[in-house]
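Me: Could you take a close look at one part of this model for me? I'd like to hear how the inside is put together, and what packs against what.

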Amino acid sequence: MHKHFLVTISNDVNNLYGIQFVCSFFKKISQHQITLLHISRLDGTEMEKSLTEMWIHPDDRVRGKLTIGAKRSIDKATALFNESRMSIEQMVTKTVAERYGKVKDILTEGSTGLYDAIVLGRRASYSLQWIFERPADEIPLAMIKDSSFTTPLWICPEPGPGRRNVLVCVDGSENAYRAVDHTGFILSKQDQHSIDLFHVESGIGMDPEEVFGRATAILHDHKISNERINTKFRWGFTVPGAIITEINRGGYGAVALGLHGHDRGGVLKDFNLAGGTTSKLITRLEKTSIWCCP
């Protein structure tokens, strides 16, 4: 089954990190469908510089008028896909003017387009940081409950060479199991990657074996063999610190986690996955993409 990714692109052709991650992470000649999304700023002059004619490639479909900056980025993205041997016949391009702010526009497109993931480069991830750094009872919870906030987000810094495999953080929460399900779905045909289930004991009293058992069963449903599944258990004074240490130790290509962690109380409840952990990973991780699952 082909996966459908919404990949955001900016005018900066040198920082198309979402495109670079997709090209480097998946098997050659992977037949995934890609929709490139370019949003022109409300306060900019890009829309006034729209080309008189849309750039149309015989193998691509373009929706909307292309700006000069968008065309440069699309040309670069197409070149990257060609170099990686991914089929550009599966690529659709959308370029639109900003309406409600880039974050809301991206999430709205993600929820209405039946995408399997929204892929954000470094520039887009910075746009999201203010959401997660607000108080826990304010914007983050409102976004999690928002009907448009339903699609997994991949936040991609510049990918590190040779990085492989996915670390999936499991704390017994339903969001964490959705992260397991998402990872299994994405990697079902990507057997070059293993999946490491990672549980941090932080004082909430979860049984790691029970958590690992349920997570493994989910992966089996996606035809992930036991040879590709590993389990890791650590005690961590802070959950973000333990995750970052494990990522650096294992050189992972991606880390997957739920946006909303277990709601059971514990000595470290302030470090659950509802925002504190996610925001720290966004600001501190380099070379590893973050898959955030609502």
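**Inside the fold**

Reply: Sure. Overall, the protein has nine helices and eleven strands, and keep in mind that this is a predicted model. Of its 294 residues, 55% are buried. Residues 24 or more positions apart make up 80% of the contacts with a separation of 6 or more.

Now for the core. The largest nonpolar core holds 43 residues, and those with the most contacts inside it are Phe-5, Ile-19, Leu-36, Trp-154, Leu-197 and Trp-291. Apart from it there's another core, of 30 residues, with Leu-37, Phe-198, Ile-282 and Leu-285 among them. In soluble globular proteins, nonpolar side chains tend to be buried together.

Let's zoom in on Leu-36. Leaving aside residues up to four places away in sequence, Leu-36 touches Val-7, Ile-9, Ile-19, Ala-77, Phe-81, Met-91, Val-92, Thr-93 and Lys-94.

Three of those names, Ile-19, Ala-77 and Phe-81, turn up again where two helices meet. Helix H1 covers residues 17-25 and helix H2 residues 68-84; their axes are 10 Å apart, and the packing angle is about 10°. An angle under 35 degrees counts as roughly parallel, so H1 and H2 are roughly parallel to each other. From H1 come Ile-19, Gln-20, Val-22 and Cys-23, which meet Ala-77, Leu-80, Phe-81 and Ser-84 of H2. Sorted by class, that contact has six nonpolar residues, two polar and no charged ones.

As for the outside, the protein exposes about 13,200 Å², with carbon and sulfur atoms supplying 50% of it.

Terms used
Residues are numbered from 1 along each chain as its sequence is written. This is a predicted model: local features need pLDDT of at least 70, side-chain atom pairs count only at pLDDT 80 or more; totals for chains, interfaces and linings use all residues. Side-chain values use heavy atoms; hydrogens and water are left out. A nonpolar core is a set of buried Ala, Val, Leu, Ile, Met, Phe, Trp, Tyr and Cys residues joined through side-chain atoms within 4.5 Å. Buried means under 20% relative accessible area, exposed over 50%, partly exposed in between (1.4 Å probe, protein chains only). Contact means heavy atoms within 4.5 Å. Helices (H or I, at least four residues) and strands (E, at least two) are DSSP runs, numbered from the N terminus. Accessible areas come from the Shrake-Rupley method with a 1.4 Å probe; for residues, only the protein chains shown count as cover. Axes are lines fitted to C-alpha atoms, for helices over the stretch in contact, and angles run from 0 to 180 degrees between N-to-C directions. Angles under 35 degrees count as roughly parallel, over 145 as roughly antiparallel, 65 to 115 as roughly perpendicular and the rest as oblique. Ala, Val, Leu, Ile, Met, Phe, Trp, Tyr, Cys and Pro count as nonpolar, Asp, Glu, Lys and Arg as charged, and the others, Gly among them, as polar.
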